[in-house]
Amino acid sequence: MIHTAIQRSALLAATGILTAAAGLSCMGLRLSNPAAAVELAQRPTAFVQQPQLIESSTTRNLVNQLNATYYVTLDLPAGAEAGLQTIQIRLTQGRDPIFRFRPDDTRAFEGSRYSRGSEIPIGAVTQDRDENTLTVQLDPAVLPGRTVTLALRPERNPRFEGIYLFEVTAFPAGEQVQSRFTGYARLHFYDTDRDRRLI
């Protein structure tokens, strides 16, 4: 008798728990792990398939030349699943500490240098001279499945010949984002006066 009474009490308690859970479900409340929900909310926006640097070139490749334009072309795959909002270009190899861009002359367009499409609106363009970095914000962000080219205008070409590498990083649209390295824009500058002296 005592054993049966205990079993009946346990059954009633279990039934009460299940009923309460069902009631919460009907009210639209779900029992879940709060810590997992917070982690999901704080997860940064990222490209599923990352953008790739596919081309870089310059219109003038002699040292110290004026009126050059550097072209940097990125492919944003259809599977990226996030828009391209910001592109950062940082000089990482090249020995000219006074090299500078002209931020106000920066342009962006669809396609490549030799297959130019419609112009892409640009928001803020900022330059960090200490870090040799130019940051270009596209406004609005470019949707996946498109090719984007930046046309960058330096104050003048570097003063010293050699190979210059510019690290290109892409940022998706969003408040909290995860950037992606896309490749190095490689430009080679020559000193013709020096070459003539060596002949």
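## Two antiparallel sheets

Strand β9 (residues 162-172) pairs with β10 in the antiparallel sense, and the pairing runs over nine bridges. Within this pair, Thr169 stands opposite Phe181 of β10. The model described here is a predicted one.

Where do β9 and β10 belong in the wider fold? They are part of an open sheet of five strands, in the order β6-β7-β3-β9-β10. The pairing in this sheet is antiparallel. At its edges stand β6 (122-128) and β10 (180-189). Each of these two has a single partner strand, so one side of each is left without a neighbour in the sheet. From one strand to the next, the twist averages 20°.

Another open sheet of five strands has the order β1-β2-β8-β4-β5, with antiparallel pairing. Which strands form the edges here? The edge strands are β1 (52-58) and β5 (115-119), and each pairs on one side only. The twist in this sheet averages 30° from one strand to the next.

Inside this sheet, strand β2 (residues 70-76) and strand β8 (residues 146-152) are antiparallel partners, paired over seven bridges. Asp75 stands opposite Thr147, a residue of β8.

The two strand pairs described above are set out in the table.

| Strand | Partner strand | Sense | Bridges |
|---|---|---|---|
| β9 (residues 162-172) | β10 | antiparallel | nine bridges |
| β2 (residues 70-76) | β8 (residues 146-152) | antiparallel | seven bridges |

In the strand orders, β9 and β10 stand at one end of β6-β7-β3-β9-β10, while β2 and β8 follow β1 in β1-β2-β8-β4-β5.

Technical notes: Residues numbered from 1 in each chain as written. Predicted model: local features only at pLDDT ≥ 70, side-chain atom pairs only at ≥ 80, totals over all residues. Heavy atoms only, no water. Pairing = 2+ DSSP bridges. Helix = DSSP H or I, 4+ residues; strand = E, 2+ residues; numbered from the N terminus. Axes fitted to C-alpha atoms, helices over the stretch in contact; angles between N-to-C directions.
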